[in-house]
Amino acid sequence: MRLWRSVRRGPMAALALSAALLTGLAVPATADDTQTRPQTITVDPTGTGRVYEGVGAISGGGGTSRLIVDYPKREQRQILDYLFKPGYGASLNILKVEIGSDTNSSNGAEPSHERAAGEVNCDRGYEWWLMEEAKKRNPDIRFYGLEWGAPSWFKGGFWSQDNIGYLTDWLGCARRHHLDIDYLGGWNEKGWNAQWYVDLKATLRREGYDKVKLVAADNAGWQIATDLKNDPAFNAAVDVVGIHYPCTAVHCSSSADALSLGKPIFASESGWNDYMTGGTRLAAEINHEYVDGRMTAFINWPAAYGWYPTVQYAGSGFLKANEPWTGHYELGPTLWTVAQTGQFARPGWQYIDAASGYLNGGGTYVTLRSPDERPDYSTVIETTEATGPQTISLRPGAGLPGGPLHVVSTQVSSTDPATWFARGDDLRPAADGSYRLTVEPGRVYTLTTLAPSRPEATAPATPASKPLSLPFEDSFEGYKKTATPKYFSDMEGAFEVAKCAGRSDRGKCLRQVITQQPNKWTKVPAPLTLVGDASWTDYEASTDVLLEQSGSAELLGRINGQHDPRKKPNLVLWNGYHFKVSDTGAWSLYVIQSDGTTRTLAEGTVDALGTGTWHRLALRFQGTAVGALIDGKEVAAVTDATYGHGQSGVALDSYINAQFDRFAVTAQ
């Protein structure tokens, strides 16, 4: 993932000029021009340009939407409306989802639909539900599937015929859910295999999925375009060039090879914006991706901040929705920034290149028109790099509507909802038919013939934020088998509701079901699931555990955050207290510190727990006092002040089957 660095005009003017020459768009004028005359944008409805494919977002990269599915129905409907309902909030045209594989892909693990060859379950996880809800709101929304990891059973690894079958089985599941998949990618940010794409395209045609378009290659950099240009078979198999994070500073890259292919070019993962502070970056990216590189779809990672704050990249998304126990959620200027494009253009509209370019005083503009005989049109102007006001003169050509032009704007760094998606006075044409508007710095404006409509910028009657109350208990009895229980979020492996083993008095338990390490995307060492509130302080967490094979189970407490996987030891680890107990009776109480190192607080041995038998583990916190118990007997009592708060969870030391029951967190 790339960082956007804010810079002022100077060296970047040369970059903007070179990008304009590459794409054939309007070039920037000198700074002096902004002081002497308005900048004229002429909208010629016969002008040429690429076809607009839409704005979208990703539910993937592991559990990014996980907590939305547990929201109360009222607030859940509102959240989904803000994302997917046309003419309402972000008005997304594309929803890209992860094709799960039970392995961590940044922010969690998504369930697989096929854990063994031929054993297909089309109802695991929540992505089908999310796609169905998106389609209810926008029947024309486009769906895009992509893998981050893969199950272990593929012969030949990821780039194999087994994986092609896995994908067609997933497409079959989509059909069972009455969902049409529009785009299919390869392996997220892990390179590409040209022959595999050729074979996948042939299989899709043979099995009746010929309308599914292939995207290559969901990686950063433009080498993929050169490879497509030099390989006719590969080029014929691929329908869309998909690039990740093509923008740095206020310039977005492209390549002559990509532009020469005649294919749509997507920013197939871009953004990575905070829901409150990402508007500046997002406003510039959406416009620059077309002005600089003729990318016609912007797909933001992620759709929503719908995961626990103990997991990395907290705050990213178009809105915050990670408090299902109250129904509290939050909007910010980032959502309304994307709405400035999403609400005023439709897939199939056309960019007008001669009416898209660079503002003399800093910023960019793009113009899109509908394909109608008497078209609607919208011009989106962003001034994130401007240092002062600029006056724009918009001149519509013959055949365009000549009545009032509507104005909507968002102050992209403001925390005041009154400045988000604010309706301005309609512009009236002058005697010569032109419209004039002065645009201020740090904003995005839409001038449009479409009538704007939107709800209040603040969420209506959103419940107040508060911690998940204690006691928190789950006996797992009230769920369907294979379900993910409420508020549990898998980071690696798959913890799902199953029939209890060795218990005549109880029906269902939580079972970890993955016994072979998947083809991984990140380096999470073993299965782990998190639950609860990161603000919990003094409590006792407890659970019954049964090991089905030899190994160790862990009870987690005061999980405070995620260790940065880019730093040594290059593993995804969760900082907090871990109580580990083996079937041999060996146990240890240890803490993972913020630098990723492990410090043992106590260790010992009790009578062997064995396999196939139930035992109760507990972790107790009171201030700096930390205690650990096995079957009601305290085995460790230590003093440690590393962490004073955090959530709970359970884990295993390897990919084994294990069961958990009567999970409880009670205040101390």
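The following legends describe three close-up views of a predicted model.

**View 1. Burial of helix 11 (residues 333–342).** Helix 11 is largely enclosed by the rest of the structure, because 10 of its 10 residues are buried. The buried residues are Pro333, Thr334, Leu335, Trp336, Thr337, Val338, Ala339, Gln340, Thr341 and Gly342.

**View 2. Packing of helix 10 (residues 279–293) against helix 11.** The two helices pack at an angle of about 20°, and their axes lie 8 Å apart. Helix 10 is therefore roughly parallel to helix 11, an angle under 35 degrees being counted as such. The crossing of helix 10 past helix 11 is right-handed. Helix 10 contributes Gly279, Leu282, Ala283 and Ile286 to the contact, and helix 11 contributes Thr334, Thr337, Val338 and Thr341. By class, this contact comprises 4 nonpolar and 4 polar residues, with no charged residues. In an α-helix, residues three or four places apart point the same way, because there are 3.6 residues a turn.

**View 3. Surroundings of His113 in the loop between strand 3 (94–99) and strand 4 (114–116).** His113 counts as buried because its relative accessibility is 3%, the limit for burial being under 20%. A polar contact at 3.0 Å links the side chain of His113 to the backbone oxygen of Tyr166. Tyr166 also appears among the contacts of His113 that remain when neighbours within four places in sequence are left aside. The other residues in that set are Ile99, Glu119, Val120, Asn121, Arg124, Asp169, Trp170 and Cys173.

Terms used:
Residues numbered from 1 in each chain as written. Predicted model: local features only at pLDDT ≥ 70, side-chain atom pairs only at ≥ 80, totals over all residues. Heavy atoms only, no water. Buried < 20%, exposed > 50% of the residue type's maximum accessible area, 1.4 Å probe, protein only. Helix = DSSP H or I, 4+ residues; strand = E, 2+ residues; numbered from the N terminus. Axes fitted to C-alpha atoms, helices over the stretch in contact; angles between N-to-C directions. Parallel < 35°, antiparallel > 145°, perpendicular 65-115°, else oblique. Left-handed = near helix turned anticlockwise from the far one by under 90°. Contact = heavy atoms within 4.5 Å. Nonpolar A, V, L, I, M, F, W, Y, C, P; charged D, E, K, R; others polar. Polar contact = N/O pair within 3.5 Å; in protein donor to acceptor, adjacent residues only side chain to side chain.
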